[in-house]
Amino acid sequence: MARVVIEPEGRVIEVRGPLRVGELLASLGLSYEEAVVLINGTPVPEQAVIEGEDEVRVLRVRSSG
Amino acid sequence: MARIPPCSVCGEPAVAYVRPLRKFLCREHFVEYFNRRVARILERARVGPGDRILVAASGGKDSAALLNALADLRGSFGYELIAIHIDLGIGDFSRESRRAAEVESARLGVPLVVVDLREAIGVSVPELARISRRPTCSVCGLVKRYVLNAAAIESRARYIATGHNGDDIIAYAIKSFLSQDLESLRKLGPYSDSIEGLAVGRLRPLYMLTEKESLVYALLKGAHINTATCPHLDPDQLEVVIKHLMNEFEVRRPGVKIQLLGNLARRYRDYPEPGEAVAACPSCGLISSGGECSFCRLTRKALGEPMGRRVRLYIRGKLEELGLMGQGG
């Protein structure tokens, strides 16, 4: 299982790989324009595939105000 | 281990898929792409050696990306950078924003002018909003525009560079169109000209880049950023809603945002010129549309005296401390 941290809320979920990043975002109700996904600390395109044991961070793209 | 598509240029693992190019790009080629887009705006605005650019450093992702890109391109264009941060006095949000701006400008070797609003005029933005009974975001926008222009005039900067990205520009454009405020559309180009002694031109180097690209770039550069959102930002604000709808639209029709930005960058001068007159504020000497400028009017009403002149003197003192007075051009 891959661990996914969703920021800024800090919510943690686990997903079963293989899973496309785009599918993960869709399951969270986000479009690829609205989030940056990092796998093991590096940004990846939405076509990347998450596998078990990956550390995933989802950063919402938003204005600071 | 994750499966990452290879960079379309070199085969290294990609960090992004760039739709306008229809390419996957790795870290190195994404940074190159981002800097090239910024450079194109600088070329259009004829930025060159000896120019001083005042960079608005809010501490957020966009201004961090902007500062990093402009620092990268210093050598090619020969300009000088000064960063400015306005401490608005909005609790922890302002403290973290200020720290981020200080860390980032120090890391990049860019001198930073910090304008602490409470030090300059005695009140924070939320206090000024409360006293004047105006919405906080409206007061904040007015204060920021005034301080940036005053600092650019005092430092003799050629341009004020802001971190407005393509998504911001689209949101402002659609908002202006919805209210048929067509004169505002004319202000939404990638750069604007100065008005001698009154107002310094704006430069929007991130114009052809999305908000997401800006965040990816800031992360790749290892920038220190404040990721928090201002506590006063209304999530139902029209600009926020428009951004969300445009992102949905982009998913259904990839390329729609960049197409709109390209067209606006070509056509913004076709919209009507603002009918209002341009004059010098009798209180502070900076731009007004006749009579006192909005900042002097607001502070006179709320604090009993117009504060524009005081802000200019405060900024002059800060520039002197940093040895930045009497240069630029």
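The radius of gyration here is taken over C-alpha atoms, and the globule rule is 2.2 Å times the number of residues to the power 0.38. Keep that rule in mind for chain A. One caution first: this is a predicted model.

So, chain A. It has 65 residues, and for that length a compact globule would have a radius of gyration near 11 Å. Chain A has 11 Å, so the two agree. Its C-alpha atoms fill a box of roughly 35 × 20 × 20 Å along the principal axes. Of the 65 residues, 52% are buried. Chain A exposes about 2800 Å², and carbon and sulfur atoms supply 46% of that.

Now the elements. Chain A has one helix and seven strands. Where does the helix fall in the order of elements from the N terminus on? The run is β-β-β-α-β-β-β-β, with the helix after three strands. Look at the contacts too. Take those between residues at least 6 apart in sequence: 53% of them join residues at least 24 apart.

Two peptide bonds in chain A deserve a look. The bond from Glu7(A) to Pro8(A) is cis, with omega near 15 degrees. Pro8(A) sits in the loop between strand S1 (2–7) and strand S2 (11–15) of chain A. Gly17(A) and Pro18(A) are also joined by a cis peptide bond, with omega about 0 degrees. Pro18(A) belongs to the loop between S2 and strand S3 (19–20) of chain A.

On to chain B, and to helix H7. H7(B) has 13 residues, and at 1.5 Å a residue they should span 18 Å. The end C-alpha atoms are 18 Å apart, so the helix agrees with expectation. Which residues of H7(B) are buried? They are Gly166(B), Asp167(B), Asp168(B), Ile169(B), Ile170(B), Ala171(B), Ala173(B) and Ser176(B). What do they pack against? Four helices of chain B: H8 (182–185), H9 (211–220), H10 and H11 (256–267).

The far end of H7 is another story. Leu178(B) lies in this helix, residues 166–178. Leu178(B) is exposed, because its relative accessible area is 57% and the cut-off is over 50%. With Leu238(B), Val241(B) and Leu245(B), Leu178(B) forms a nonpolar patch on the surface. Together the four have about 360 Å² of accessible area. Helix H10 of chain B, residues 238–252, gives the largest share of the patch, three residues.

Next, charges. Side chains of opposite charge can pair when their charged atoms come close. Over all chains, the count comes to 29 salt bridges. I will take three.

The side chains of Lys257(B) and Asp167(B) meet in a salt bridge, 2.6 Å from N to O. This pair links distant parts of the chain, with Lys257(B) in helix H11 and Asp167(B) in helix H7, 90 residues apart. Buried or exposed? Lys257(B) counts as buried at 4% relative accessibility. Asp167(B) is buried as well, at 6%.

Second pair: Arg186(B) and Glu273(B), with the closest N and O atoms 3.9 Å apart. Arg186(B) is in the loop between H8 and strand S7 (201–203), and Glu273(B) is in the loop between H11 and strand S8 (279–280), so the bridge ties together parts of chain B that are 87 residues apart in sequence. Arg186(B) is partly exposed, with a relative accessible area of 23%. Glu273(B) is exposed, at 57%.

Third pair: Lys243(B) and Glu211(B), at 3.2 Å from N to O. Lys243(B) is in helix H10 and Glu211(B) in helix H9 of chain B, so this bridge ties together parts 32 residues apart in sequence. Lys243(B) is buried, with 13% relative accessible area. Glu211(B) counts as buried at 6%. Through shared partners, salt bridges join Lys61(B), Asp62(B), Asp168(B), Glu211(B) and Lys243(B) into one network.

Last, backbone angles in chain B. Arg22(B) has phi near 55 degrees, a positive value in a residue other than glycine. Arg22(B) is in the loop between strand S1 (14–18) and strand S2 (23–26) of chain B. At 70% relative accessibility, Arg22(B) counts as exposed. Arg133(B) also has a positive phi, near 55 degrees. Arg133(B) is found in the loop between helix H5 (125–132) and helix H6 (136–154) of chain B. Arg133(B) counts as exposed, at 77% relative accessibility.

Key:
Residues numbered from 1 in each chain as written. Chains lettered and ligands numbered in written order. Predicted model: local features only at pLDDT ≥ 70, side-chain atom pairs only at ≥ 80, totals over all residues. Heavy atoms only, no water. Patch = residues over 30% accessible without salt bridge, like charges linked within 9 Å, V, L, I, M, F, W, Y side chains within 5 Å. Areas by Shrake-Rupley, 256 points an atom, 1.4 Å probe, with all protein chains shown as cover. Helix = DSSP H or I, 4+ residues; strand = E, 2+ residues; numbered from the N terminus. Buried < 20%, exposed > 50% of the residue type's maximum accessible area, 1.4 Å probe, protein only. Contact = heavy atoms within 4.5 Å. Expected span 1.5 Å × (residues − 1).
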